[in-house]
Amino acid sequence: MEPPDGSLLDSDRLETMYERLTPRVEKIIKLSQEIARDYEQDYVGTEHLLLAILKEGTGIGATLLTDQGIGLARAKEVVDRLMQKSAEETWVFGRLPGTPHFRNVMATAIEEARQFECKEVCSEHLLLALAREEGSVAQATLHELGIKAGTLRAKLRSYLDAKEGRAGVPEAGN
């Protein structure tokens, strides 16, 4: 099934929407597809992106979560429970359909990168977008785990400021 506007969301389209995704974000997107397949689901949702950020594990997004005691196993427990309640409509993401929330998160991540004056979309931008996407499984998971978008944004700013005053600088080499 195609999205209502007939467009497909893939890395090439995102790169034309914004300068480029980091290799880490490209890996996170691929991992989210694998996670969806592991769940035997025919769509990629925000919950898969959240789990992929944690599974990839090396980005600032994962660090912000693990610093608050949220690891992959804990997040997966909450996602599993919430997914049983969720039946979102899907649209095509390359070969594997993605939810409308997934598409919104990708667009919001691009905006987050712009707000941080980054030329690349990094894992922390994805995480902020996930925390902002109302009604999504990922936002519900983060909320249940005690993570709110405003607090997350403040922690990210502090984290980046602590890295030699390089606030807004994308993840090195990613």
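**Close-up views of a predicted model**

**View 1. Helix 5 (72-83) and its two sides**. The 12 residues of helix 5 should span 16 Å at 1.5 Å a residue, and the C-alpha atoms at its ends are 16 Å apart, so expectation and model agree. The model shown here and in the other views is predicted. Ala75, Val78, Val79, Leu82 and Met83 are the buried residues to look for in helix 5. They cover an arc of only 130 degrees around the axis and therefore lie on the same side of helix 5. These buried residues pack against helix 3 and helix 8. Ala73 and Glu77, on the other side of helix 5, are exposed.

**View 2. The largest nonpolar core**. This core has 48 residues. Those that touch the most other members are Leu49, Leu65, Leu126, Leu127, Leu130 and Leu142. Two or more residues come from each of helix 2, helix 3, helix 4, helix 5, helix 6, helix 7, helix 8 and helix 9.

**View 3. Surroundings of Leu65**. Neighbours within four places in sequence are left aside here. Leu65 is then in contact with Leu50, Leu54, Ile70, Leu127, Leu142 and Ile147. Of these partners, Leu127 and Leu142 are, like Leu65 itself, among the residues that touch the most other members of the core.

**View 4. Cys118 and Cys122**. Why is there no bond from Cys118 to the closest cysteine sulfur? The closest cysteine sulfur to that of Cys118 is in Cys122, 5.5 Å away, which is too far for a bond; a disulfide would need the two sulfur atoms within 2.5 Å. Seen from Cys122, the closest cysteine sulfur is that of Cys118. The structure holds 0 disulfides. Cys118 is buried, with a relative accessible area of 3%, and Cys122 is also buried, at 0%.

**View 5. Glu40 in a loop**. Glu40 sits in the loop between helix 2 (23-38) and helix 3 (46-56). Its phi is near 55 degrees, a positive value in a residue other than glycine. Most residues other than glycine have a negative phi. Glu40 counts as exposed because its relative accessibility is 73%.

**View 6. Glu117 in a loop**. The loop that holds Glu117 runs between helix 6 (100-115) and strand 4 (120-121). Glu117 is not a glycine, yet its phi is positive, at about 55 degrees. With a relative accessible area of 72%, Glu117 is exposed.

Methods: Residues are numbered from 1 along each chain as its sequence is written. This is a predicted model: local features need pLDDT of at least 70, side-chain atom pairs count only at pLDDT 80 or more; totals for chains, interfaces and linings use all residues. Side-chain values use heavy atoms; hydrogens and water are left out. Helices (H or I, at least four residues) and strands (E, at least two) are DSSP runs, numbered from the N terminus. Buried means under 20% relative accessible area, exposed over 50%, partly exposed in between (1.4 Å probe, protein chains only). A nonpolar core is a set of buried Ala, Val, Leu, Ile, Met, Phe, Trp, Tyr and Cys residues joined through side-chain atoms within 4.5 Å. Contact means heavy atoms within 4.5 Å. The expected span of a helix is 1.5 Å times one less than its number of residues. The arc is that of the directions from the helix axis to the C-beta atoms.
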